[in-house]
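Here is a small set of exercises to work through with the model open beside you. Try each task before reading its solution.

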Amino acid sequence: MFMPVGTQATVKSLQPRELKEIGSQFILGNTYHLWIRPGDDLIAKAGGLHKFMDWDQAILTDSGGFQVFSLADSRSITEKGVTFKNNIDGSTMFLSPEVAMKIQNNLGADIIMQLDEAVPYFETYDYVKKSTERSARWAQRALEAHKCSKQQALFGIVQGAGFRKLRENSAKDLASLNLPGYAIGGLSVGESKTEMNRVLDFTTQWLPENKPRYLMGVGAPDSLFDSVIRGIDMFDCVLPTRIARKGSLMTRFGRVVITNHKYKDDFSQLDENLDDYASTHFTKAYLHHLFNTNELLAYNLASIHNLRYLLKLMEDMRAAIENDQLLDLKEKVLEEYGYNKANARLF
């Protein structure tokens, strides 16, 4: 499944009812940002994230670790946790496995994540080893601190960068905790797609086959196929909505940059293969006009379209798996999409 990203308790420019109309059953919320604004205590007072944002489907929240290590300044990491200055007002904050659990318990998401260090992929072996072993200890502490186990499923996060033995050790350490599911972190952060696939090849074999596996931050069609083939079940990514707001549409026959002048008088549908409201009711010429005049509706329609493209792609993958036709579907979709094996990039 693919989860649209709702960083601030909203998928940008979309209403919850629109997400349900296009088949979204799960969305992702961002613990770091919601902790800072409006605050997890306020959201708990509102009745939890589901009620706060009027979303009656499932929600996954991350631990906040990625944002702490990528956005915050002046970080100091110890066994206890990480001290940092937040990116909004510069105030000093402290995040530990226990604090991350407390925040996510307040948010009330259905799946919650352990705190780990989002270690840079190209760090040294010694640094990655130390970080990965600490993250495994943090997973144990998160499990002990978790107070809502019947209502919230706690996932561990496998780290280890590109080092086979460290990935194996991390996966085995987390599997020993018998958690409801497992995420694979530290990928899609600048390494090549070939390298990402190499890591997945030797990581998934150490994770239980009867528990969901979640690859964080992946949303390009070719990477979705490559990862599902390697045993990944769950994905999230800002890609479809981020590029939508810039006028890039994901269609059956490849990317359409709708701001291009050639679409000014193109009255064809956005994608005849899709069944969402945006794709079936509006033409390329109309969306070109909306972007050209900076109308807010442009962001809404383009985002609906791109998310429906990925959600339908996952639906098609599930059906193909049932019929043992996943490799055939991959070949057909990527050929139509115009996947370029020479540079291995779609965006």
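**Exercise 1: an arginine in helix H7**

Arg-134 is buried, as its relative accessibility is 8% (buried means under 20% relative accessible area, exposed over 50%, partly exposed in between, with a 1.4 Å probe and protein chains only). This is a predicted model, in which local features need pLDDT of at least 70 and side-chain atom pairs count only at pLDDT 80 or more, while totals for chains, interfaces and linings use all residues. Residues are numbered from 1 along each chain as its sequence is written, and side-chain values use heavy atoms, with hydrogens and water left out.

Task: Find which residues Arg-134 touches, leaving out those up to four places away in sequence.

Solution:
- Step 1. Start in helix H7, where Arg-134 has its place (helices are DSSP runs of H or I with at least four residues, strands are E runs with at least two, and both are numbered from the N terminus).
- Step 2. Look for contacts, that is, heavy atoms within 4.5 Å. Arg-134 touches Ile-77, Thr-78, Glu-79 and Glu-117.

**Exercise 2: three salt bridges**

Task: For Arg-17, work out where its salt-bridge partner Glu-21 lies; then do likewise for Arg-137 with Glu-79 and Arg-308 with Asp-275.

Solution:
- Step 1. Recall the principle: side chains of opposite charge can pair when their charged atoms come close. The rule here asks for a side-chain nitrogen of Lys or Arg within 4 Å of a carboxyl oxygen of Asp or Glu, and by it the count comes to 19 salt bridges.
- Step 2. Arg-17 and Glu-21 meet at 3.6 Å, N to O. Both belong to helix H1 (residues 16-21), four residues apart, about one turn of the helix. Arg-17 is partly exposed at 47%, and Glu-21 is exposed at 57%.
- Step 3. Arg-137 pairs with Glu-79, with their closest N and O atoms 2.8 Å apart. Arg-137 is in helix H7 (residues 125-145) and Glu-79 in the loop between strand S5 (73-77) and strand S6 (82-85), so the pair ties together parts that are 58 residues apart in sequence. Arg-137 is partly exposed at 40%, and Glu-79 is partly exposed at 36%.
- Step 4. Arg-308 and Asp-275 also form a salt bridge, the closest N and O atoms being 2.8 Å apart. This pair links distant parts of the chain, 33 residues apart: Arg-308 sits in helix H14 and Asp-275 in the loop between strand S14 (254-257) and helix H12 (277-281). Arg-308 is buried at 6%, whereas Asp-275 is exposed at 51%.

**Exercise 3: inside helices H14 and H9**

Task: Is Leu-310 buried or exposed, and what covers the buried residues of H9?

Solution:
- Step 1. Go to helix H14 (residues 297-322), which holds Leu-310. Leu-310 is buried, with a relative accessible area of 0%.
- Step 2. Look at its surroundings. Beyond residues up to four places away in sequence, Leu-310 touches Phe-2, Gly-219, Leu-224, Pro-240 and Met-250.
- Step 3. Move to helix H9 (residues 193-203), where the buried residues are Glu-195, Met-196, Asn-197, Val-199, Leu-200, Phe-202 and Thr-203. Their cover includes strand S9 (153-158), helix H8 (164-175), strand S10 (181-184), strand S11 (213-215) and helix H10 (221-229).
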